[in-house]
Amino acid sequence: MQSGDTTYGEFEFIVVSNRLPVDRVNDDDGNGTWRRSPGGLVTALAPVMEKADGAWVGWHGAPDETLDSFDHTDIRLVPVPLSADEVEFYYEGFSNATLWPLYHDVIAPPEFHRHWWDSYRKVNERFAERTAAIAAEGATVWVQDYQLQLVPKLLREARPDLKIGFFNHIPFPPLEIYAQLPWRRQVIEGLLGADLIGFQRPSDASNFLRCVRRFLGLAVRQQQVQVKGVDGAPDYVSRAEAFPISIDVQRIVDLANRPDIIERSQEIRRELGNPKHILLGVDRLDYTKGIGHRLKAYEELLADGIIHVEDAALIQVASPSRERVEQYRLLREEVEGAVGRINGTYDTIKNTAIRYLHHSYPVEEMVALYLAADVMLVTALRDGMNLVAKEYVAARTGNRGALVLSEFAGAADTLRQAILVNPHDIDGLKSAIRGALDMSPSEATRRMRTMRRQVLQNDVERWSQAFLTELQDGAREEILV
């Protein structure tokens, strides 16, 4: 499309994600208002958007409802409507029952349905159209995550003047697994519409580039892909690189130093009977998080007499997730059944083996839990990053505590002083938990100090700035020779 044929929008910087960064809430009078969603992405990008006349494109959360654009905290929010069928087919279906399990190493079997793919494609087209309509000439667009993998190419076709970035928040699978996707070429082509494609780990970027070579036959050199135009001639270069995401470190540190939250952490210990050790797991209730493996290891430690219910307690927070999906309902039954069995066997009148909490909690309560916990258990079977691990480290301002971390979580690349485990190895997981409980104070301090230094120096704002700087500096590179 030539510039003379284009009506440009007004926004210089646009973020595109499945959901808008706000939640609808009712005030005391029952009137609907909007509240900023929690999360590091919003925190990192809000200042950038406010300075750069930014807009955020996404679904507002209610099916079969169309809303006009509106402003919230100096950011223009541009809702994209979704029908109830599209929520079922595009989101619950293709995004979360096809792509999610496929990208997480087929821990659960993915489902491939053509009508899900059709809905995914149509919704991606709608997101791209809405974005193209509001973007200023030469604007920067940053597309987020696996629900919108077709948007970069669609945007490039409609608005070749744009600088387009994409970030994949979840893992990208090895070629041998990705090959199962019937629409593998279309998805890769969609992603290659971006000038810069960001991944959590170098291995994710390598997996993607292997798929580019195998399924598109394009030239790849030093993380760069030479993309051809419709005439078959080299057109532009797309790059795939790792940009490990992080957290709003200062917010966690500030909360960890608040007297009321410190007192709440002490209250938690008292409520549990002041055990010698508190272990903590914090996860969405998802089959990728390895909650069952964690419970099995803990149960065996109790059975072996290595852990005693009078001395140790495990708090497992499992926030609700996709409860309309059958696999998640079955997982909840499995986890709650295991907790009931373990508690029924090992509880005493005074002590509970596992305190299971199927709730979501505000960040203040989460930081209190981090402060109360002597050992953090992150046993994901596959995870793009796992920000809970980084939040725990940031909250440990006294440089005490131990982190047991799955080597299959992206955080393992940088938090090397954690006790790294293969969660499929139950004996190894038991040994890691025991090692965390028995670790000397000096060893725990040394490890935690090193991990905190890494987290504090690499917060979410640094992540976003690194990506956007690379996108700006490297956009529209010269064609590879």
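Is D74 buried or exposed? In this predicted model, D74 has a relative accessible area of 66%, and because the cut-off for an exposed residue is over 50%, D74 counts as exposed.

**Two residues with positive phi**

D74 sits in the loop that runs between strand 5 (70–72) and strand 6 (75–79), and although D74 is not a glycine, its phi is positive, at about 65°. Most residues other than glycine have a negative phi. A second case is N274, which is likewise not a glycine and has a positive phi of about 50°. N274 belongs to the loop between helix 9 (259–271) and strand 13 (277–284), and with a relative accessible area of 52% N274 is exposed.

**Domains and nonpolar cores**

The protein chain is divided into domain 1, which covers 11–245 together with 463–473, and domain 2, which covers 249–457. The centres of domain 1 and domain 2, taken over C-alpha atoms, are separated by 31 Å, and where the domains meet, 20 residues of domain 1 are in contact with 21 residues of domain 2.

In soluble globular proteins, nonpolar side chains tend to be buried together. Here the largest nonpolar core has 104 residues, and the members that touch the most other members are L192 and F208. This core draws at least three residues from domain 1 and at least three from domain 2. Another core, of 68 residues, lies apart from it and has L196, L255, A395 and L405 among its members. For F208, once its neighbours within four places in sequence are left aside, the contacts are F172, I188, L191, L192, I197, F199 and A240.

**Helix 13 and the loop before it**

Helix 13 (residues 387–395) is mostly covered, with 7 of its 9 residues buried. Those buried residues are V388, A389, K390, Y392, V393, A394 and A395, and A395 is also one of the members of the core of 68 residues. The cover over the buried residues of helix 13 includes helix 8 (249–256), strand 13, helix 12 (363–372), strand 16 (375–378), strand 17 and helix 15.

N386 is found in the loop between strand 16 and helix 13, and with a relative accessibility of 9% N386 counts as buried. Not counting residues up to four places away in sequence, N386 touches K289, V378, A409 and A411. H424, by comparison, is 38 residues from N386 along the chain, and the C-alpha atoms of N386 and H424 are separated by 18 Å.

**Cavities and a pocket**

The structure holds 2 cavities of 30 Å³ or more, and their volumes and linings are set out below.

| Cavity | Volume | Classes of lining residues |
|---|---|---|
| Largest cavity | about 40 Å³ | 5 nonpolar, 2 polar and 1 charged residues |
| Second largest cavity | about 30 Å³ | 8 nonpolar, 2 polar and 1 charged residues |

The residues that line the largest cavity are P21, V22, R36, V42, H72, T73, I75 and L77. The second largest cavity is lined by G401, A402, L403, Q417, A418, I419, M439, A444, R447, M448 and M451. Strand 17 (402–406) and helix 15 (441–457) are the elements that give two or more residues to this lining, and the largest share, 4 residues, comes from helix 15. Strand 17 and helix 15 also appear among the elements that cover the buried residues of helix 13.

The second largest pocket has a volume of about 480 Å³. It is lined by 17 residues, of which V227, K228, G229, D235 and Y236 are the closest to its centre. At least two residues of the lining of this pocket are supplied by each of helix 4 (151–158), helix 6 (184–191), strand 11 (224–228) and strand 12 (234–242), and helix 4 provides the largest share, 3 residues. By class, the lining of the second largest pocket divides into 7 nonpolar, 2 polar and 8 charged residues.

Conventions
Residues numbered from 1 in each chain as written. Predicted model: local features only at pLDDT ≥ 70, side-chain atom pairs only at ≥ 80, totals over all residues. Heavy atoms only, no water. 1 Å grid on protein atoms, 1.4 Å probe; cavity = no way out; pocket = protein on both sides within 12 Å on 5 of 7 lines; lining within 4 Å. Points joined across faces, edges and corners; volume = space filled by probe spheres on them. Nonpolar A, V, L, I, M, F, W, Y, C, P; charged D, E, K, R; others polar. Core = buried A, V, L, I, M, F, W, Y, C linked by side-chain atoms within 4.5 Å. Buried < 20%, exposed > 50% of the residue type's maximum accessible area, 1.4 Å probe, protein only. Domains from an automatic or database assignment. Contact = heavy atoms within 4.5 Å.
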